[in-house]
Amino acid sequence: MSSFAIQCRDAEFKDLTAIDHLMRTYYLMHYFPSNSPAAAEVEKSKHEIIQTLLAYTQPNEQHEELLHKSLWTQMIREILKNIDSPSTFIPGLLVLAELLPLPLPVPLPQTEATSTGETLKTKAQRLLTERKLWSAHLHPQGAQIARLIEAMAPSSFPQLSDLLTRVCLQLADLAPNMTLLISKTFSDLLCNEWSTAGQQPTAQLSRLLAFYARLNVYPSLKISTLSILSGKLWDLFQQLLLIKNPSEIGIKCQISVHRLLESFLDTEISFIATKNVLANNNTNPLLNLASALPNKELIPKIADALFSNVMQADIKQGEVSALGIRNMIILTDHDITFYHLCAVLKQKKMEFQEWLTKLTDVNESITAYNPNVEALILFLRSLTQIEDLNQQYSYIPPRTLKLTAQELAMIIGFNREEKEKTIIDRLLVLLERGESTEVNVSLKSDLQQLKEMLTSCDVVLSSGNDEESVASGNELNNEPTLPQTESIVSQYDSRPVFTIYDALNGDDYQMTSDYWLQALNIDDLTAQDFETQYERVTCDLTELAQSCLTPECNLSSDCKRVLHLSASPQSNRERTPTAPCFRTRRVEVEPSTGRPEKKIFVTSMRGRGYARPPPSRGDLFRSRPPNTSRPPSLHVDDFLALETCGAQPTGPTGYNKIPPLMRGSRVGRNRGSRISAAAAYRKTKLIRTNSPLAWSESGPSSHYRSSDSHFGGGSSGEPHYVTSHFTGRIRGRGLRSRPYMR
């Protein structure tokens with residue numbers, strides 16, 4: 001019904017009262033047990049709620065200045081307002097994930113890839129228009145979205161972090177303004193946390209960095225981060241990498257920074273990496289490379305920071321230095337990054353040689369070598385060999401630069417005439433001690449090739465032919481150049497909309513919306529993933545209560561009051577004022593025993609000859625505020641009474657001017673005003689509501705069948721129906737009284 005009403009009235013529909021109730025209903029359905037018999041009905045109700053909320057997204061043509069007043073924008077505002085407490089975080093994010101479009105590119109089966117170009121262009125235009133509309137209506141709520149991210153991002157709960165990652169990705173995929181909003185929000189969070197903690201790593205900073213690293217593996221967020229990387233954000237990353245002897249939290253921060261830099265340097269994470277069905281990405285490979293890498297002014301700083309971090313990292317710990325070497329391997333993939341890396345190696349070759357000696361000394365003292373050895377061998381091979389990746393990465397220019405044997409020997413300090421073992425020989429000894437696996441065999445083969453190349457190089461150097469060595473390294477004297485990167489708007493306009501996949505390989509389920517929208521199940525996590533993702537944070541509840549609660553709040557007394565353990569009114573103990581949420585029904589406690597007071601059971605007095613007591617409050621149903629502009633209806637007695645007084649029953653002097661006592665006196669099934677009758681009756685009847693043992697007046701009452709007191713007037717002997725109400729009242733214009741008629 002709501003969807004039909006919205007569709008009919010379109011832009012004239014402004015009623016948002018149902019959204020709050022829909023969200024609360026969805027929260028209730030979310031926490032309903034999934035293994036209950038009503039699970040199917042619960043899922044159906046949640047689906048209907050989402051469909052009802054989608055009905056508010058009615059696009060209508062209007063001016064941009066009035067966009068924040070549209071029904072679509074107001075619906076989003078109401079949804080964000082309802083995500084205001086920890087219990088609403090996960091279900092609220094699920095609602096947003098259901099409402100927002102899924103990220104591009106859309107999976108396209110091979111059977112549909114043969115469709116005509118016009119059909120695919122029409123679908124692509126519709127998908128892009130939908131995302132632009134969502135972005136336009138979300139933009140006025142940017143501040144509220146930023147506050148929501150700030151509240152949830154530091155969470156250590158893996159299910160919440162995983163769901164927030166998906167929602168952030170959906171938001172960033174809509175348009176450039178949304179991805180900049182998310183990236184700037186995280187940049188401000190990181191910089192503020194770093195400055196607040198006195199430029200020292202903290203647990204919250206490590207969680208924020210880990211979350212930000214997960215986001216930047218997606219191109220929609222990477223391009224916005226690269227656009228704001230120069231400045232405070234890079235200064236933060238550089239200072240974290242240069243921390244000497246970091247603590248456990250500092251090591252976690254450095255690991256997250258290495259993963260961020262890995263995403264920044266990986267050209268596969270870009271809008272041009274995915275094959276576009278509707279366009280050709282090979283128009284300008286240099287421009288594609290510039291769009292996939294950080295700013296060219298930052299590349300030398302990144303190479304120097306990575307090298308410095310690897311040199312001072314703890315080799316026994318292994319993970320930080322291994323990630324650093326792997327990022328240095330990624331720097332060898334392209335000419336411009338390779339050039340700046342080689343410049344750093346040549347400038348700091350003595351420091352690099354000392355680190356190589358230290359690495360081999362540490363690994364010789366242990367049984368199994370750590371991952372640094374494997375990463376080092378791959379790094380040395382990548383300096384002198386160029387892998388053919390033209391077929392796989394045809395959208396970017398191939399690498400053409402490499403080190404000669406003489407240059408590599410100069411960097412690692414290789415000399416065949418030394419009596420001691422060279423660094424290559426020591427690495428071969430370490431590999432011989434390891435297990436004979438396929439990886440180990442491949443590493444041995446690479447080392448043998450390097451040794452043969454360096455041995456022949458040493459012969460050339462010993463013959464004194466230095467001019468040939470200098471001439472062979474002239475190709476590294478000229479710095480490669482890159483064009484100016486494209487703007488974010490241009491990259492969004494040229495991004496792929498469809499991606500082809502083979503449904504016969506069994507990956508069709510991963511290409512569905514159910515796979516994307518399903519919540520993370522903690523029970524499905526492996527032991528290793530559970531340790532890395534589920535962080536158990538210790539906290540002091542007393543300190544937390546003092547920092548979060550007001551000084552007037554007393555948790556002990558408030559909990560007792562909620563649990564109905566508070567003292568009785570007769571107790572001498574003081575009762576502190578509490579919030580309205582703690583105003584619950586009190587249990588009367590006997591002062592002598594301290595136990596709840598026992599009350600004698602009294603049967604219902606209805607139908608046993610006793611008058612029902614008047615209600616203590618008015619009828620809630622009839623005293624509710626009007627919800628319409630129509631004048632309220634009147635009983636015939638009230639209407640005639642007003643007409644007799646000369647007032648207009650439906651005018652300003654009518655119903656609204658009736659005293660509240662008279663207007664709210666309708667009780668039960670009776671009609672008209674009963675106040676005078678009830679008052680007269682209370683004067684002549686004694687209403688007893690407590691236990692018969694406490695009666696102290698008139699003794700026990702007789703049975704209603706053996707006494708005429710019920711239909712009589714009590715001690716006065718007057719009939720029960722002889723009252724001011726039943727004897728009639730003056731009506732009309734005359735003064736003649738009329739008998740009461742039903």
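For these notes, helices are DSSP runs of H or I with at least four residues, numbered from the N terminus. I'm working on a predicted model.

**Cavities, whole structure**

I searched everything and got six cavities of 30 Å³ or more. The largest comes out at about 90 Å³, and the second largest at about 60 Å³.

**Largest cavity**

Which elements give two or more residues to the lining here? I noted α4 (71-82), α5 (86-99), α7 (142-152) and α8 (158-172). Of the elements, α8 gives the most, with four residues. The full lining runs to 13 residues. Leu 96, Ile 145, Leu 148, Val 167 and Leu 171 are the ones that lie nearest the cavity centre. I then sorted the lining by class: 13 nonpolar, no polar and no charged.

**Second largest cavity**

I listed the lining next: Ser 270, Phe 271, Ile 272, Leu 287, Asn 288, Ser 291, Glu 486, Gln 491 and Ser 494. Helix α14 (residues 285-292) gives the most to this lining, with three residues. By class I get three nonpolar, five polar and one charged. So the one charged residue in this lining is Glu 486, since Asp, Glu, Lys and Arg are what I count as charged.

**Helix α11**

Is α11 mostly covered or mostly open? Mostly covered: in this helix (residues 219-227), seven of the nine residues are buried. I wrote them down as Ser 220, Leu 221, Lys 222, Ile 223, Ser 224, Thr 225 and Leu 226. Lys 222 is on that buried list, so its relative accessible area is under 20%.

**Surface patch at α29**

I went looking for nonpolar surface and found a patch of about 230 Å². Val 636, Phe 639 and Leu 640 make the patch. I placed Leu 640 in helix α29 (residues 636-645). Why does Leu 640 count as partly exposed? Its relative accessibility is 32%, and the partly exposed class covers what falls between the buried limit of 20% and the exposed limit of 50%. Leu 640 can join a patch because the entry condition is over 30% relative accessible area, and Leu 640 has 32%.

**His 30**

I looked up His 30 last and found it in helix α2 (residues 17-30). His 30 has a relative accessible area of 22%, so I put it down as partly exposed. I also checked His 30 against Thr 88. How far apart are the two in sequence and in space? They are 58 residues apart in sequence and 9.7 Å apart in space, C-alpha to C-alpha.

Terms used:
Residues numbered from 1 in each chain as written. Predicted model: local features only at pLDDT ≥ 70, side-chain atom pairs only at ≥ 80, totals over all residues. Heavy atoms only, no water. Patch = residues over 30% accessible without salt bridge, like charges linked within 9 Å, V, L, I, M, F, W, Y side chains within 5 Å. Areas by Shrake-Rupley, 256 points an atom, 1.4 Å probe, with all protein chains shown as cover. Salt bridge = Lys/Arg side-chain N within 4 Å of Asp/Glu carboxyl O. Buried < 20%, exposed > 50% of the residue type's maximum accessible area, 1.4 Å probe, protein only. 1 Å grid on protein atoms, 1.4 Å probe; cavity = no way out; pocket = protein on both sides within 12 Å on 5 of 7 lines; lining within 4 Å. Points joined across faces, edges and corners; volume = space filled by probe spheres on them.
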